[in-house]
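Student: Could you walk me through one part of this model in detail? I'd like a close look at where the two domains meet.

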Amino acid sequence: MQAVILEPGPCGDAKARRIVRPSAAMTPGERLEVYRGMYGARLAEALEADFPMLAGLLGEELFAEFASLYICEHPSRSYTLNDLGRNVPALLAKLDGLPSPALSVDLARFELTVSEVFDEEESPRLTTDQLAAVDPESWGVARLRPIRAFRLLELGYPVHLYKQRPSKRARRTWLAVYRRDYAVTWHSLTRPAYGVLSRLAEGEPIGAVLAGIRNRDRVFAWFQEWNQEGFFEAIEVQSTAR
Amino acid sequence: MANRWGYPDLGFGVGLRTVHFPYILNQHPRVDWFEILSENYMDTGGRPLYVLDQVAERYPVVLHGVSMSVGSTDPVNFEYLRKLKSLAQRINARWVSDHLCWTGVAGLNVHDLLPMPYTDESLRHVVERIRVISDFLERPLVLENPSTYLEFHVSTWNEWDFMAEMAGQANCGLLLDVNNVYVSAFNHGWDANAYIDRIPADRVVQIHLAGHTHKGTHILDTHSDHVVDPVWELYRRVYQRMGGIATLLEWDEDVPDFETVHAEALKARRYRSSGEIREAA
Ligand SMILES: [Fe+2]
């Protein structure tokens, strides 16, 4: 049974006949085919649910082809389908002959990130009281800790706008993808803001990040906005970056 | 007649589905109870869990899984069971169920409820695993009869006797899916009435009802439609033989609005009122 369902390629009716009883209306091979057909369809459907924009870009036929190749290369080894698609961007990047290869990869990276952020653990949010409690002397060594449901993306296409305006025009794009009130959302960043935010999110001391930046007011304005969006869960004065 | 663990007849429940989240949170419909798909809440810390916590505050909730793979030859997945147990504790699950099936082998998972051969050997195997799992969960496991699309030459038991014997030896509960009885009976030419009549009533903790898709040569258990009349008649037979048992309607494809699904579940009332209740032997 395991072999005949999981084995790729059409299964011989002779093999099926040895294992499976016929029914009044179906041969053993036809009965096995019910399971085999559902297997491919189920996993392809799960991929499409997680990558709807990629599926739209590739079109029905090409996406179905990609899904069956993906399932062969990365069959599910987990009881959950939540992380089935984690290798989708990598496999897309390896394929030749896709119509819009770079855009496909970017859409997939974005959609995968959205799924991850959706399922992350909930975190508390950094409060103004916690910020006020930091000793001014310690700001230089303090480190910010982002919430769990937070990711940064550097992309070649504005994929966050793709759903509203499916355009294939390239444009450097920097995004913070995060969860607010249990909904996944994103925030478009300028390149310098992305640079600062990624260093802060990696746990670099605030002083080190600010060193060499002339327009600090601008950074403080960014920080206020980011904190209002709920990007951070804590500020740590000891060197306990995770 | 009551089941041997005294699990209550929770009434007429509905499977909790994402598309109904806003309606349920805003309207607080008067529903007897909800069944949730365990795996949808085990690896997420986001909105699903947040919604579930609120549902569990208002309604009795039962956990129903598809990934325990109780029939598999792979080692029992204790990491999975640990998460399942903690979810059950978190929402005060009234009981925890899964299916008599296997979902994969050698680490692979096909995310399907694959049929088991019904032999003395598979019976010993599954009984041993149910004991291990129930011990770990510290509660009796409840297992559902699956819809199946094939039978094995090696099977020496019919499904209903296998389930009865398994439940007795492993001391587990049964979730009797009446639609699955109908679907498998059609697919394999079994007698659905005989199936119902041979299931030990004191083991049955819960009933499932659902719609299906008739393909002519076989029926697929799609949960995509209203319950068909012959299945309602089987439900009446279950009631006459076993009395009131927590009854749940599953609807997973082409899911209509919540009120339609709930109304379908409440139809079950009609089939509980007519006919004599016979004490099961
Ligand atoms: Fe069921």
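Tutor: Sure. This is a predicted model, and in it 15 residues of domain 1 of chain A are in contact with 21 residues of domain 2 of chain A. The assignment puts domain 1 at 1-119 and domain 2 at 121-242, and their C-alpha centres lie 36 Å apart. Put the two together and the area buried between them is about 1600 Å², with carbon and sulfur atoms giving 72% of that. On the domain 1 side, three residues stand out: A:Leu103, A:Phe110 and A:Val117 supply 38% of the area that domain 1 buries against domain 2, more than any other three residues.

Now for the polar side of things. Between the two domains there is one salt bridge. A:Glu116 forms a salt bridge with A:Arg151, and their closest N and O atoms are 3.1 Å apart. There are also six residue pairs in polar contact between the domains, counting pairs with both residues at pLDDT 80 or more.

As for which elements build the domain 1 side, helix 4 (52-58) and helix 7 (101-119) of chain A each supply at least two residues to the side that touches domain 2. Helix 7 gives the most, with 12 residues. Sort that side of domain 1 by class and you get nine nonpolar, two polar and four charged residues. To tie it back to the residues named earlier, A:Leu103, A:Phe110 and A:Val117 are the trio to click on for buried area, while A:Glu116 and A:Arg151 are the pair to click on for the salt bridge.

Definitions and conventions: Residues numbered from 1 in each chain as written. Chains lettered and ligands numbered in written order. Predicted model: local features only at pLDDT ≥ 70, side-chain atom pairs only at ≥ 80, totals over all residues. Heavy atoms only, no water. Domains from an automatic or database assignment. Contact = heavy atoms within 4.5 Å. Buried area = accessible area lost by both parts, 1.4 Å probe. Salt bridge = Lys/Arg side-chain N within 4 Å of Asp/Glu carboxyl O. Polar contact = N/O pair within 3.5 Å; in protein donor to acceptor, adjacent residues only side chain to side chain. Helix = DSSP H or I, 4+ residues; strand = E, 2+ residues; numbered from the N terminus. Nonpolar A, V, L, I, M, F, W, Y, C, P; charged D, E, K, R; others polar.
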